[in-house]
Amino acid sequence: AVVSTQSTGDYMLFDVRIFHPYAKTYKDQKISDVYSRHEKEKQRSYLHRVLQTEKASFTPLVYSTNGGMAKESRRFHKKVAHMIAEKTRESYSDVINCMRTKLTFAMLKSVLISVRGSRGKATKARETPLSYVSFNLIPEIQQYESY
């Protein structure tokens, strides 16, 4: 994915990797070491080319199938959530909760498609502009008088 920051015109490139932490390959390794290894592998593959050729920054987004994420991914999510919260004047906790929920469903969808395959031509979903989205997913609790 490529993103342009509006203020500077700089480009940021991302590459996503999802791995299964309970695979036999990772049996005797600490999960933090596995995340680091995947991040370093992505950086080794892309960082030099992105910096020299594309004149952009690169962030490897590494996730596990059980919902965890690597250091760079956590840093990226926190920064984006903070920026969205400022722009939409929503609370940071609501925004990060919504982002994590969407990420979880996107990963589940990806796993499901890889397991069972695609079922024909997909229809294009209508996307709501970010300015119309409210990240406050839990409505305020209304108290009712008991009779």
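Helix α3 has 25 residues, and at 1.5 Å a residue these should span 36 Å. The C-alpha atoms at its ends are 36 Å apart, so the expected span and the modelled one agree. The model is a predicted one. Helix α3 covers residues 92-116. G117 follows α3, with a positive phi near 90°.

Several residues of α3 are buried: D94, V95, I96, C98, M99, L103 and M107. An α-helix has 3.6 residues a turn, so residues three or four places apart point the same way. The buried residues of α3 pack against two strands and a helix, namely β2 (11-19), β3 (56-64) and α2.

The pairing of α3 with α2 can be described in detail. Helix α2 spans residues 71-88. The two helices pack at an angle of about 125°, and their axes lie 9 Å apart. Angles from 65 to 115 degrees count as roughly perpendicular and those over 145 as roughly antiparallel. The angle between α2 and α3 falls in neither range, and the two helices are therefore oblique to each other. The crossing of α2 past α3 is right-handed. On the α2 side, the contact is made by H77, K78, V80, A81, H82, I84 and A85. On the α3 side, Y92, V95, I96, M99 and L103 take part. Nine of the residues in this contact are nonpolar, two are polar and one is charged. V95, I96, M99 and L103 appear both in this contact and among the buried residues of α3.

Helix α1 runs over residues 31-54 and includes H38. The relative accessibility of H38 is 5%. Buried means under 20%, so H38 counts as buried. Neighbours within four places in sequence aside, H38 is in contact with R17, F19, Y26 and V62. Among these partners, R17 and F19 fall within β2 (11-19). V62 falls within β3 (56-64). These two strands also receive the buried residues of α3.

The chain as a whole contains three helices and three strands. Along the sequence, these elements follow the pattern β-β-α-β-α-α. The chain has 147 residues, of which 24% count as buried. Contacts in the chain also link distant parts of the sequence. Among those between residues at least 6 apart in sequence, 52% join residues at least 24 apart.

Terms used. Residues numbered from 1 in each chain as written. Predicted model: local features only at pLDDT ≥ 70, side-chain atom pairs only at ≥ 80, totals over all residues. Heavy atoms only, no water. Axes fitted to C-alpha atoms, helices over the stretch in contact; angles between N-to-C directions. Helix = DSSP H or I, 4+ residues; strand = E, 2+ residues; numbered from the N terminus. Parallel < 35°, antiparallel > 145°, perpendicular 65-115°, else oblique. Left-handed = near helix turned anticlockwise from the far one by under 90°. Contact = heavy atoms within 4.5 Å. Nonpolar A, V, L, I, M, F, W, Y, C, P; charged D, E, K, R; others polar. Expected span 1.5 Å × (residues − 1). Buried < 20%, exposed > 50% of the residue type's maximum accessible area, 1.4 Å probe, protein only.
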